[in-house]
Amino acid sequence: EFSHHHPKTNMYKLAISTLLVGSAAAFAPSSQSARASSTSLAAADVVKGPYEAELGAQAPLGFFDPFGMTAGQDKEKFEHLRWVELKHGRIAMLAVVGYLVTYAGVRFPGAENIPAGFAALDALPGQVVAQMGFTLFLMEAANSPTPGTYNNFTPEFQGDFRNGALDFGWDSKSDEWKKKKRAIELNNGRAAQMGILGLMVHEKMGNIAEILPFQN
């Protein structure tokens, strides 16, 4: 158990603070306008690649592909990888919210005795696990191979799930507005992937209570 004065605890808190500051920047929308100050780091000043002008290649990292997954790939492959990133980000955002809500003690009726975190995996009834698995299978099957193609609806990009039913005025917006909103979603998803990973790691380390201000 770590005490509040243990040097390792201070190191962990410093690391957490650094991650939080870095993650907060990911929630800020991308801006390509001239309003940026001369001291701002523009995408043109950082690492470039074959898709440096695509959505998601933005400051401070610019085109970030350390493993070279897009090297030599065509646009179709790039769009698929972008969809995978978008999908993982959406799942991670739901995971962070779900983790925090259940850790705070909020439960559906009938699940009051299910613990939060990893302990819930062993406490869930087998039927619930089967239902979850079946639901995920149906969702994956329904959105393969081209996500969002229903009701004769042609999505603007992979991950566009309006399906000709949910629009909220999207079609009436400018291309610049759409790109900004898509960039915000990508950044939030990237931050959420780091967030849920951090929550899981600290739960396994046994010091999750030192990070979250509330208990289940």
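A residue is counted here as buried under 20% relative accessible area, as exposed over 50%, and as partly exposed in between. In the predicted model examined here, tryptophan 177 has a relative accessible area of 31% and is therefore partly exposed, whereas tryptophan 170, with a relative accessible area of 15%, is buried.

A pair of aromatic rings is described by the distance of the centres and the angle of the planes. Under the pairing rule applied to the model, the count comes to five aromatic pairs. One of these joins tyrosine 99 and tyrosine 103, whose ring centres are 6.3 Å apart and whose planes meet at 10°, so that the pair is classed as stacked. Both tyrosines belong to helix 2, which spans residues 75-103, and they are separated by four residues, about one turn of the helix. Tyrosine 99 counts as buried at 10% relative accessibility, and tyrosine 103, with a relative accessible area of 8%, is likewise buried.

The rings of tryptophan 170 and tryptophan 177 adopt another arrangement, with centres 5.7 Å apart and planes at 65°; because planes over 60 degrees apart count as edge-to-face, the pair is assigned to that class. Ring pairs further link Phe157, Trp170 and Trp177 into a cluster. Two members of this cluster also carry a charged side chain over the ring face: lysine 173 lies over the face of tryptophan 177, at 5.2 Å from the ring centre, and arginine 182 lies over the face of phenylalanine 157, at 3.8 Å from the ring centre.

Phenylalanine 157 and arginine 182 recur in the description of the internal space of the model, since both are found in the lining of the largest cavity. Rolling a probe the size of a water molecule over the atoms shows where empty space is left. The search returned one cavity of 30 Å³ or more, and the volume of the largest cavity is about 40 Å³. Its lining consists of Leu55, Arg82, Leu86, Phe157, Arg182, Glu185 and Leu186. By class, four of the lining residues are nonpolar and three are charged, while no polar residue takes part.

With respect to secondary structure, helix 2 and helix 5, the latter comprising residues 175-205, each supply at least two residues of this lining, and helix 5 gives the most, with three residues. Helix 2 thus appears in both parts of the analysis, as the element that holds tyrosine 99 and tyrosine 103 and as a contributor to the lining of the largest cavity.

Definitions and conventions
Residues numbered from 1 in each chain as written. Predicted model: local features only at pLDDT ≥ 70, side-chain atom pairs only at ≥ 80, totals over all residues. Heavy atoms only, no water. Phe/Tyr/Trp six-rings, centres within 6.5 Å; stacked < 30°, edge-to-face > 60°. Buried < 20%, exposed > 50% of the residue type's maximum accessible area, 1.4 Å probe, protein only. Lys NZ or Arg CZ within 6 Å of the ring centre and 35° of its normal. 1 Å grid on protein atoms, 1.4 Å probe; cavity = no way out; pocket = protein on both sides within 12 Å on 5 of 7 lines; lining within 4 Å. Points joined across faces, edges and corners; volume = space filled by probe spheres on them. Nonpolar A, V, L, I, M, F, W, Y, C, P; charged D, E, K, R; others polar.
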